[in-house]
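Here is a brief report on one protein chain. Keep the sequence and the 3D view open while you read.

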Amino acid sequence: MKIVRRIGASPRERGSATGQTCPDLFELSDGNFAVIGTEATAALEKELPPDASRAEYERIVIVSRETLVRAKADIPDA
């Protein structure tokens, strides 16, 4: 598995002074996506709706609204 491309604007393009420690989205060679975000499993797990759950190996992460909105145009429809 490899990172194929960034989805959306880079952290620097979104205004990060260093461009190195910000949320990011990537498309992977197997078609899945990888997310760099703030780990928030403990804070949000009890907030999940009744029909949502996570496996022990999964984590809930927060990605800023700006990161996701600016990535929208790069996310494939299918």
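The sections below cover the overall layout, the sheet, the salt bridges and a surface patch.

## Overall layout

This is a predicted model. The protein chain has two helices and five strands. Along the sequence they follow the pattern β-β-β-β-α-β-α.

Along the principal axes, the C-alpha atoms fill a box of roughly 35 × 30 × 20 Å. The protein chain has 78 residues, and buried residues make up 22% of them.

## The three-stranded sheet

Three strands form an open sheet. Their order is β1-β2-β3, and the pairing is antiparallel. The edge strands are β1 and β3, and each pairs on one side only. Strand β3 spans residues 33-36. On average, neighbouring strands of this sheet are turned by 30 degrees against each other, direction ignored.

Take the pairing of β2 with β3. It is antiparallel and runs over four bridges. Within the sheet, L25 stands opposite V35 in β3.

## Salt bridges between β1 and β2

How many salt bridges does the count come to? The count is four. In general, side chains of opposite charge can pair when their charged atoms come close.

Start with R5 and E27. Their side chains meet in a salt bridge, at 2.7 Å from N to O. This pair links distant parts of the chain, 22 residues apart. R5 sits in strand β1 (residues 3-6), and E27 sits in strand β2 (residues 24-28). How covered are the two partners? R5 has a relative accessible area of 32%, so it is partly exposed. E27 has a relative accessible area of 17%, under the 20% cut-off, so it counts as buried.

Next come R6 and D24. They form a salt bridge, with the closest N and O atoms 2.8 Å apart. This pair also links distant parts of the chain: R6 is in strand β1 and D24 is in strand β2, 18 residues apart. The side chains of D24 and R6 are also joined by a polar contact of 2.8 Å.

Is D24 buried or exposed? D24 is buried, because its relative accessibility is 4%, and the cut-off for buried is under 20%. Its partner R6 is at 34% relative accessibility, so R6 counts as partly exposed.

## The E45–R54 salt bridge

Which residue forms a salt bridge with E45? The partner is R54, and the closest N and O atoms are 2.8 Å apart. E45 counts as partly exposed, because its relative accessibility is 35%. R54 is at 23% relative accessibility, so R54 counts as partly exposed too. The lower limit matters for R54: buried means under 20%, and R54 is at 23%.

## A nonpolar surface patch

Which residues make the nonpolar surface patch? They are F33, L68 and I75. The patch covers about 260 Å².

F33 ties this patch to the sheet, as its place is in strand β3. β3 is one of the edge strands. F33 has a relative accessible area of 42%, so it is partly exposed. That value fits its place in the patch, because patch residues need over 30% relative accessible area.

## Points to check in the view

- Find R5 in β1 and E27 in β2, joined by a salt bridge.
- Find D24 in strand β2, buried at 4% relative accessibility.
- Find L25 opposite V35 in β3.
- Find F33, L68 and I75, the residues of the nonpolar patch.

Notes. Residues numbered from 1 in each chain as written. Predicted model: local features only at pLDDT ≥ 70, side-chain atom pairs only at ≥ 80, totals over all residues. Heavy atoms only, no water. Buried < 20%, exposed > 50% of the residue type's maximum accessible area, 1.4 Å probe, protein only. Pairing = 2+ DSSP bridges. Axes fitted to C-alpha atoms, helices over the stretch in contact; angles between N-to-C directions. Patch = residues over 30% accessible without salt bridge, like charges linked within 9 Å, V, L, I, M, F, W, Y side chains within 5 Å. Areas by Shrake-Rupley, 256 points an atom, 1.4 Å probe, with all protein chains shown as cover. Polar contact = N/O pair within 3.5 Å; in protein donor to acceptor, adjacent residues only side chain to side chain.
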